[in-house]
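Here is a quick tour for anyone meeting this structure for the first time. Have a look around before reading on.

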Amino acid sequence: MKFYTFPFLMLCLFFGCYQKSTAQTSYDLIIVGGGASGTAAGIAAGRLGINTLIIEPTPWLGGMLTSAGVSAIDGNHRLPSGIWGEFKAGLEVHYGGEKNLATGWVSNTLFEPKVGNEILQGMAASVPSLTISLESDWQKAVYEQGVWNLAYVKEGEILYSTAPILIDATELGDVAASQGIPYRLGMDARDEIGESFAPEKSNDIIQDLTYVVTLQDYGMGADRTIPEPENYDPEEFACACAHADPISDLAPTLDCDKMMSYGKLPNGKYMINWPNCGNDYYVNMVEMNEEERWAAMEEAKQASLRFIYYIQHELGYRHLGMAEDEYPTKDHLPMIPYHRESRRFEGLVDFTLPYVRTPYEAPNPLYRTGIGVGDYTIDHHHKKNLDAPAIDFIKIRVPSYTIPLGALIPKNHPSLILAEKSISVSNIVNGATRLQPVVLGIGQAAGVLAAVAIKENKPLGEVSIREVQTLLLSQNAYIMPFLDMNPREDHYVAMQKIGATGIFKGEGVPYLWANQTWFYPERLVTEYELVDGMRPLYPELKDYWGASGDYLSGERLREILELVKPNTPLLELAQAWKRRGLEGNFTSEKKLNRKEVSVLLDELLNPFSKEVDWEGVLKY
């Protein structure tokens, strides 16, 4: 058993224990960081035949999902997109069904971190072209003459690898920062970012992090109380049991059992990741050096241990002790803290609040470039920093959303892809995009983007957005956040594609902790709705005013299609209907719904093939 207690690189820097190797390996793609996004990126790229290397400092894959112990999923319960959906299905198999994952009230999906690692390791092992180097610390990345040269330390030896494209999937965006890519850190100024909820002035305050603890129930007769930590003061946690759902009208309750059941995991374990007078901890370690970071993480650990002692000693949960079989660490704590915020690099586009709240009314149709979806509300943790400007994040109502591909590509670099929490996003929107299923989706898109660029030998900025989206759909990912469809259902891809063109728009609903966007596949289409949606894509319809508010019939669809695709007889529509397996029979009198029209448009016109630029504007 190996114990991960201090990065090997730091030991080598202190004691000079590593050796230089002359060996050099070549790959198509290097991913620095095997966290949630890095693992997903490696699996996605590897499945497309890309020879990929993941460099990960811990012994596990999964990052915040596993190595940080945040094993209660926030959001996307009804959006099982791509690799996130596969991971969730793996958990269901392991625990014997979806209902067995709903053990705590914070989430529908809770699991033991070590099980999450095992599932991700199994998924990765099934990809022949994916190489994983665990317990490996990157030292230097240099991009010269179209090639990345990466040096990293593993088992005391400096190794070298090359590749034409690199993905920065580190927890804090360290690789991109080493390349001098411009970034923002902390809260954005209101006028600079164009978000009315942002503070008047920018600052360097990031979200609180958490050093999660996993506890085990050892039985009511046991006493697993840890020694009293230094600087322990019960007043630090006095309000921990006083809590209520912040978007509920219910008054706070003094219910310690409810607080503990928040992160109850299968097999009698508990995730302690509690924001209310709990183990959140404020420190901005992003720009610290390695030694300073480890000192800051030790302080965060001590804050969590003080909270554990409070739970055991003051609240009486002495039978709950550190889970000793969970992590490969001597102190039984996770290998890394849960970082909620990173550097946010300047990308080809900037994903800000207007594109989340009102995607169809925003300055540009970024939704057309979507590559990953999320439905969790914007959620920020700032209770441990009294200097943080007061922002009522609960009032920032948003529907579910899709992330634009251009947010993953930094400006002025042809071969670097951003992942994890370092994409081009505002501080406020990061409160939603930081969550586990979304970060898995970001990683999957990053891997597919890299694969397309490599196979076509193109700079990232010249890659076809539609090609990336098509490949993501083939991997059962969502590119539009429509909750009333599923990758396993017939005609899913056609509706996703038509939604991404904007011909049929979703209806967004801010709803509790799982926001929604509805496509309404069975809803009948009006003539005007169809023509108005098609007008931006087809200049032939620009001045057409012959569409009424009547429900669309087969004959009227034919007449409208004739305007953009002459000589489209009713028989052709009927044949397309049958070829694509739509239910029933196509007739001239039949009133058509959104699903049926989406399939026919996809088959006969293929509007999704019309390329868009990084801002979602159609290329004519």
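## A first walk through the model

Let's begin with Ser-464, which counts as buried because its relative accessibility is 13%, under the 20% cut-off. Keep in mind that everything here comes from a predicted model. Ser-464 is located in the loop that runs between helix 11 (436–456) and helix 12 (465–474). What does its side chain reach? One partner is the backbone nitrogen of Glu-467, at 3.0 Å. The side chain of Ser-464 also makes a polar contact of 2.8 Å with the side chain of Glu-611.

**The disulfides**

How many disulfides are there? The count is 2. Counting the bonded cysteines along the chain, they pair up in the pattern 1-4, 2-3. Here they are side by side:

| Disulfide | Sulfur–sulfur distance | Torsion about S-S |
|---|---|---|
| Cys-239 and Cys-277 | 1.6 Å | about 45° |
| Cys-241 and Cys-256 | 2.0 Å | 110° |

Take the pair Cys-239 and Cys-277: with a torsion of about 45° about the S-S bond, this disulfide is right-handed. Cys-239 sits in the loop between strand 11 (213–217) and strand 12 (242–243), while Cys-277 sits in the loop between strand 15 (269–272) and strand 16 (280–281), so the link ties together parts that are 38 residues apart in sequence. Are these two cysteines buried or exposed? Cys-239 is partly exposed, at 30% relative accessibility, whereas Cys-277 is buried, at 18%.

Now for Cys-241 and Cys-256, whose link is right-handed too, with 110° about the S-S bond. Cys-241 belongs to the loop between strand 11 and strand 12, and Cys-256 to helix 7 (residues 256–261), so this pair joins parts 15 residues apart in sequence. Cys-241 is buried, with a relative accessible area of 7%, and Cys-256 is partly exposed, with 22%.

**A small sheet**

Strand 11 turns up again in an open sheet of 4 strands, ordered 14-15-11-17 and paired antiparallel. Which strands stand at the edges? They are strand 14 (264–265) and strand 17 (320–322); each has a single partner strand, so one side of each has no neighbour in the sheet. Further in, strand 11 and strand 15 run antiparallel and are joined by 4 bridges. You can spot Val-213 standing opposite Ile-272 of strand 15. As a general point, strands of a sheet pair through backbone hydrogen bonds, either parallel or antiparallel.

**The core and the helices**

Next, the inside. The largest nonpolar core holds 202 residues, and those with the most contacts within it are Ile-167, Leu-408, Leu-530 and Met-534. Helix 11 gives the most to this core, with 13 residues. In soluble globular proteins, nonpolar side chains tend to be buried together.

Leu-530 is worth a closer look. Setting aside neighbours within four places in sequence, Leu-530 is in contact with Ile-503, Phe-504, Val-525, Leu-552, Leu-557, Ile-560, Val-597 and Leu-601. Leu-557 and Ile-560 are also among the buried residues of helix 15 (residues 554–564). The others buried in that helix are Gly-554, Arg-556, Arg-558, Leu-561 and Val-564. What do the buried residues of helix 15 pack against? Their partners are helix 14 (527–534), helix 16 (570–579) and helix 17 (594–604).

Definitions and conventions
Residues numbered from 1 in each chain as written. Predicted model: local features only at pLDDT ≥ 70, side-chain atom pairs only at ≥ 80, totals over all residues. Heavy atoms only, no water. Disulfide = S-S within 2.5 Å. Helix = DSSP H or I, 4+ residues; strand = E, 2+ residues; numbered from the N terminus. Buried < 20%, exposed > 50% of the residue type's maximum accessible area, 1.4 Å probe, protein only. Polar contact = N/O pair within 3.5 Å; in protein donor to acceptor, adjacent residues only side chain to side chain. Contact = heavy atoms within 4.5 Å. Core = buried A, V, L, I, M, F, W, Y, C linked by side-chain atoms within 4.5 Å. Pairing = 2+ DSSP bridges.
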